[in-house]
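Work through the exercises below with the model in view. Try each task before you read its solution.

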Amino acid sequence: MSHAVHAAAYSAAPSGAPTAADLLDFARRAAADTALVASLPLDPQGRTWIRLEGPGGGEAWLIGWPPGSGTGWHDHGGSHGAFAAAAGQLTEQSLAAQLPTEGWKLLELADGVDRRRELADGQGRAFGPHHVHQVFNASAQLHAVSVHAYYPPLPMMRRYSRSGQVLRLEEVEWPQEWS
């Protein structure tokens, strides 16, 4: 499911590319828009989303997360990003290490790189272009909804599998696959 939504009410500063703070501000303001959040149809079986116009020419997504759903490990193809919870609670597991973006298929992660955050209504976080994480709704009963913003628009996403301290590149997704 995908719909374009104009988000001029949430645009960043008019000059230059949006900063990480601009992306996070956008995500938080959009997450607080109850009419926007209510416009997202929720599916008990899979994630749903509406594509938004992000700040400063970026892109954004309003995403519904059924109980137990998640993204798996991924990056954002070199884009900066931010996300904020609009309803429910999301868990983010991330790596506190800058990974190389090219030329590898398998990495052994050092001890102590794992981070975990719980994000509830209105809480969010921004991240840089080398961020690798997974986001999920750990609730067994309640949907979660969030807003995600990226700049520049996502050129691709890399998907990873993880077994213990080993991270393996599994596939690369392209924007035409997300419509």
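**Exercise 1. Find the loop that holds Pro152, and describe the bond before this residue.**

Step 1. Pro152 sits in the loop between β11 and β12. Strands (E, at least two residues) and helices (H or I, at least four) are DSSP runs, numbered from the N terminus.

Step 2. Look at the bond from Tyr151 to Pro152. This peptide bond is cis, with omega at about -10°.

The model is predicted: local features need pLDDT of at least 70, side-chain atom pairs count only at pLDDT 80 or more, and totals for chains, interfaces and linings use all residues. Residues are numbered from 1 along each chain as its sequence is written, and side-chain values use heavy atoms, with hydrogens and water left out.

**Exercise 2. Describe the chain as a whole: its helices and strands, its span and its buried share.**

Step 1. Count the elements. There are two helices and 13 strands.

Step 2. Check the radius of gyration, taken over C-alpha atoms. The chain has a value of 16 Å, close to the 16 Å of the globule rule for 179 residues, so the chain is as compact as a globular protein of that length. The rule is 2.2 Å times the number of residues to the power 0.38.

Step 3. Read the span. Along the principal axes, the C-alpha trace covers about 45 × 40 × 30 Å.

Step 4. Take the buried share. Of the 179 residues, 44% count as buried. Buried means under 20% relative accessible area, exposed over 50%, and partly exposed in between (1.4 Å probe, protein chains only).

**Exercise 3. Search the whole structure for aromatic pairs, and place the partners.**

Step 1. The search finds one aromatic pair. Trp104 and Tyr160 form this pair, stacked at 5.5 Å centre to centre with 0° between the planes. Rings of Phe, Tyr and Trp (its six-membered ring) pair if their centres lie within 6.5 Å; planes under 30 degrees apart count as stacked, over 60 as edge-to-face and the rest as tilted.

Step 2. Place both partners. Trp104 is in the loop between β6 (89–95) and β7 (106–108), and Tyr160 is in strand β12 (residues 157–163). They are 56 residues apart, so the pair links distant parts of the chain.

Step 3. Check burial. Trp104 has a relative accessible area of 11%, so this residue is buried. Tyr160 is buried too, at 8%.

**Exercise 4. Which residues lie closest to the centre of the largest pocket, and what lines it?**

Step 1. Take the volume. The largest pocket holds about 360 Å³ of space. On a 1 Å grid over the protein atoms alone, a pocket is an open set of points where a 1.4 Å probe fits, with protein on both sides within 12 Å along at least five of seven lines; lining residues have an atom within 4 Å of a point. Grid points are joined across faces, edges and corners, and a volume is the space filled by probe spheres set on the points.

Step 2. Name the central residues. Of 18 lining residues, Arg47, Ile63, Met157, Arg159 and Trp178 are the closest to the centre.

Step 3. Sort the lining. Nine residues are nonpolar, five polar and four charged. Ala, Val, Leu, Ile, Met, Phe, Trp, Tyr, Cys and Pro count as nonpolar, Asp, Glu, Lys and Arg as charged, and the others, Gly among them, as polar.

Step 4. Find the strands. β3 (59–65), β10 (133–136), β11 (144–151) and β12 each supply at least two lining residues. β3 gives the most, with three.

**Exercise 5. Is Asp75 buried or exposed?**

Step 1. Asp75 lies in the loop between β4 (73–74) and β5 (80–87).

Step 2. Its relative accessibility is 5%, so Asp75 counts as buried.
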